[in-house]
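Here is a short set of exercises to work through with the structure open beside you. Try each task before you read its solution.

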Amino acid sequence: MPERRRNGFHKPFPMLQLCTWFYLPLLMLQFLFFVSPILPLAASIPCTLLFFVFAFACAYFTYMACITDPIDVHLAKHVRETEHTHDNVQEQGCTSKLCYRGPSTTEPPPEEDTKYCWVCETSVADHSMHCKYCNKCVSHFDHHCLWLNTCVGQANYGYFYKILWTTCFMLVVHTCCLMGIVIDIFVDAALRDRANDWWNHKPQ
């Protein structure tokens, strides 16, 4: 039976997750060195601040969604009682207790409807679903996200929702700036001159 995945930093890392670790910093560097310097100063400062606020917010919410364990609280209690996973964090694929956030509630709600999961070998909440990738039941299971390398459920759905919005706003700012630069190049040569000055390019 595969090992139970605790969070999004549990190896192995899928290719899509590795892509996010590469492309988000690359996008930030591209904006900082190739977009911001050639925008007019009046637009460069607010656009750069806005872009990086959304970029860092996206990175923060991604980190929080990854370290939060959306495990079913009944299963979490069963695991604590039988395997003592909270005292053996390192053995479960996480290097320190700082990179793990357990369920928001330590005890299951009283009189909650439950069902038996034959894979987890314990009763779980009726609204929970077993994830074959994480090998655990997830409370209010939404989907398994390969970009985050973890399930999205009740415990981390709020972070996932904020990731979508901050990523959307970041890309909107980036796209608007690029469109403004392209339009200005064809309409007015002001930004072209700023680009030439920035890269020390002397037109022939």
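**Exercise 1. Cysteines**

Is cysteine 120 buried or exposed? Then decide which cysteines, if any, are joined by disulfides.

*Solution.* Bear in mind throughout that this is a predicted model.

Step 1: Cysteine 120 has a relative accessibility of 6%, so it counts as buried, the limit being under 20%.

Step 2: Searching the whole structure for disulfides gives 0. Cysteine 120 is in none, and its nearest cysteine sulfur belongs to cysteine 117, 3.7 Å away. A disulfide needs two cysteine sulfur atoms within 2.5 Å.

Step 3: Now try cysteine 177. Its closest cysteine sulfur is in cysteine 47, and because the distance is 3.8 Å, this is too far for a bond. Cysteine 177 is buried, with a relative accessible area of 6%.

**Exercise 2. The overall chain**

Work out how many helices and strands the chain has and in what order the elements run.

*Solution.*

Step 1: Counting gives 5 helices and 6 strands.

Step 2: Reading from the N terminus, the order is α-α-α-β-β-β-β-β-β-α-α.

Step 3: Of the 204 residues in the chain, 40% are buried. Taking contacts between residues at least 6 apart in sequence, 64% link residues at least 24 apart.

**Exercise 3. Helix packing**

Describe how helix H2 packs against H1 and against H4.

*Solution.* Two packed helices are described by the angle between their axes and the distance between the axes.

Step 1: The axes of H1 (residues 15-35) and H2 (residues 41-67) come within 11 Å, crossing at roughly 165°. Angles over 145 degrees count as roughly antiparallel, so H1 and H2 are roughly antiparallel to each other. Their crossing is left-handed. Residues in this contact include Leu24, Phe31 and Leu32 of H1 and Cys47, Phe51 and Ala55 of H2.

Step 2: For H2 and H4 (residues 157-187), the axes come within 8 Å and cross at roughly 155°. That makes this pair roughly antiparallel too, and the crossing is left-handed. Among the residues that meet here are Cys47, Phe51 and Ala55 in H2 and Phe160, Met170 and Cys177 in H4.

**Exercise 4. A hairpin**

Find how S1 and S2 pair and which turn residue has a positive phi.

*Solution.*

Step 1: S1 (residues 114-117) and S2 (residues 122-125) pair in the antiparallel sense, over 4 bridges. One of the bridge partnerships joins lysine 115 to valine 124 in S2.

Step 2: The two strands form a hairpin with 4 residues between them, and glutamate 121 in the turn has a positive phi of about 60°.

**Exercise 5. Loops and backbone**

Compare the surroundings of serine 139, histidine 140 and asparagine 149, then locate a cis peptide bond.

*Solution.*

Step 1: Serine 139 lies in the loop between S4 (136-138) and S5 (143-145) and is buried at 7% relative accessible area. Its contacts include Pro70, Asp72, His127 and Gln154.

Step 2: Histidine 140 lies in the loop between S4 and S5, but is partly exposed at 39%. Its phi is positive, near 50°.

Step 3: Asparagine 149, in the loop between S5 and S6 (150-152), has a positive phi of about 65° and is buried, with a relative accessible area of 2%.

Step 4: The peptide bond from lysine 11 to proline 12 is cis, with omega near 5°; proline 12 is in the segment before H1.

Note on methods:
Residues are numbered from 1 along each chain as its sequence is written. This is a predicted model: local features need pLDDT of at least 70, side-chain atom pairs count only at pLDDT 80 or more; totals for chains, interfaces and linings use all residues. Side-chain values use heavy atoms; hydrogens and water are left out. Two strands pair if DSSP finds at least two bridges between them. Buried means under 20% relative accessible area, exposed over 50%, partly exposed in between (1.4 Å probe, protein chains only). Axes are lines fitted to C-alpha atoms, for helices over the stretch in contact, and angles run from 0 to 180 degrees between N-to-C directions. Angles under 35 degrees count as roughly parallel, over 145 as roughly antiparallel, 65 to 115 as roughly perpendicular and the rest as oblique. A crossing is left-handed if the near helix is turned anticlockwise from the far one by less than a right angle, and right-handed if clockwise. Contact means heavy atoms within 4.5 Å. Lists of a residue's contacts leave out its neighbours within four places in sequence.
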